[in-house]
Amino acid sequence: YAKKAEYLYPQVLPYRERQEAFWLESDAFTIAENIQAAFMRHKALKYVRVNEAGDFHSRECLNKLIAVAKMLPQIKFYTYTHRKDLIDSRTWAKLPKNLVINTSNFTRKNLNSFNGVATVKVHRLADFTKVKAHIIRAGYDYACLGDCSKCSLCKVRHAKKIGAPLH
């Protein structure tokens, strides 16, 4: 998913590398100030997707995100992680309401679970009805549309299993 954008658009990888460096070098307050400024400039923004092409480096990174979300309660944040070691009951107790963490390929009580469904492979989601039926039969509560601009499943905490076709 992330590699495709980096391959098609050469400027994407350097941009993501600059974002990562800024995240690692900056404190939560500085990051919150920058996010708030972006929301002031672009009124149409609704969400902040964190770690689009990566994951948390450490518990400190996760704690930084929690701090940023707490400083900006009017802004909704969402992210995905495969880091089982970072998501425990201690973490869950600290999560503000405006931060949604989707676990990837593992489940945790009270968190959304987002998984690729190996039995459903598509090149495009032209016939979503058929894809959705396969994913629901595979034991998932919801099927990913593949277009985040038209959906909010991963942006709302509902503690359900979301299945996505491999593409």
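Select Thr79 and Ile101: Thr79 stands opposite Ile101 in strand E3. Keep in mind that this is a predicted model.

**The E2–E3 pair**

Widen the selection to residues 76-81, strand E2, and add E3. The two strands run parallel, joined by 5 bridges. Now trace the connection. The chain leaves E2, passes through helix H5 (residues 89-94) and arrives at E3. This β-α-β crossover is right-handed. Colour E3, residues 99-104, by accessibility: 5 of its 6 residues are buried.

**The whole chain**

Zoom out. The protein chain holds 6 helices and 6 strands. Their order along the sequence is α-α-α-β-α-β-α-β-β-α-β-β. The C-alpha trace spans about 45 × 40 × 30 Å along its principal axes. Its radius of gyration is 17 Å, which agrees with the value near 15 Å for a compact globule of 167 residues. Of those 167 residues, 40% count as buried.

**Salt bridges**

The whole structure has 5 salt bridges. Start with Arg16 and Glu52, whose closest N and O atoms are 3.6 Å apart. Arg16 sits in helix H2 (residues 12-25), while Glu52 is in the loop between strand E1 (47-50) and helix H4 (59-71). They are 36 residues apart. Arg16 counts as buried because its relative accessibility is 13%, and Glu52, at 37%, as partly exposed.

Next, pick Arg59 and Asp88. This salt bridge has its closest N and O atoms 3.3 Å apart. Arg59 lies in H4 and Asp88 in the loop between E2 and H5, so the pair ties together parts that are 29 residues apart in sequence. Arg59 is buried, at 19% relative accessible area; the cut-off for buried is under 20%. Asp88 is partly exposed, at 28%.

Move on to Asp147 and Lys150, another salt bridge, with closest N and O atoms 3.6 Å apart. Asp147 is partly exposed at 27%, and Lys150 is exposed at 67%. Then add Glu6 to the Arg16 and Glu52 selection: salt bridges that share partners join these three residues into one network.

**A nonpolar patch**

Show the surface of Tyr7, Leu8 and Tyr9. Together they make a nonpolar patch of about 400 Å². Leu8 belongs to helix H1, residues 2-8. With 47% relative accessibility, Leu8 counts as partly exposed.

**Last stop: Gly139**

Select Gly139, in the loop between helix H6 (128-137) and strand E5 (142-143). Its relative accessibility of 38% makes Gly139 partly exposed. Draw a distance to Pro73: the C-alpha atoms are separated by 34 Å, and the residues are 66 apart along the chain.

How values were computed. Residues numbered from 1 in each chain as written. Predicted model: local features only at pLDDT ≥ 70, side-chain atom pairs only at ≥ 80, totals over all residues. Heavy atoms only, no water. Patch = residues over 30% accessible without salt bridge, like charges linked within 9 Å, V, L, I, M, F, W, Y side chains within 5 Å. Areas by Shrake-Rupley, 256 points an atom, 1.4 Å probe, with all protein chains shown as cover. Salt bridge = Lys/Arg side-chain N within 4 Å of Asp/Glu carboxyl O. Helix = DSSP H or I, 4+ residues; strand = E, 2+ residues; numbered from the N terminus. Buried < 20%, exposed > 50% of the residue type's maximum accessible area, 1.4 Å probe, protein only. Pairing = 2+ DSSP bridges. Right-handed = clockwise from strand over helix to strand, strands pointing away. Rg over C-alpha atoms; globule rule 2.2 N^0.38 Å.
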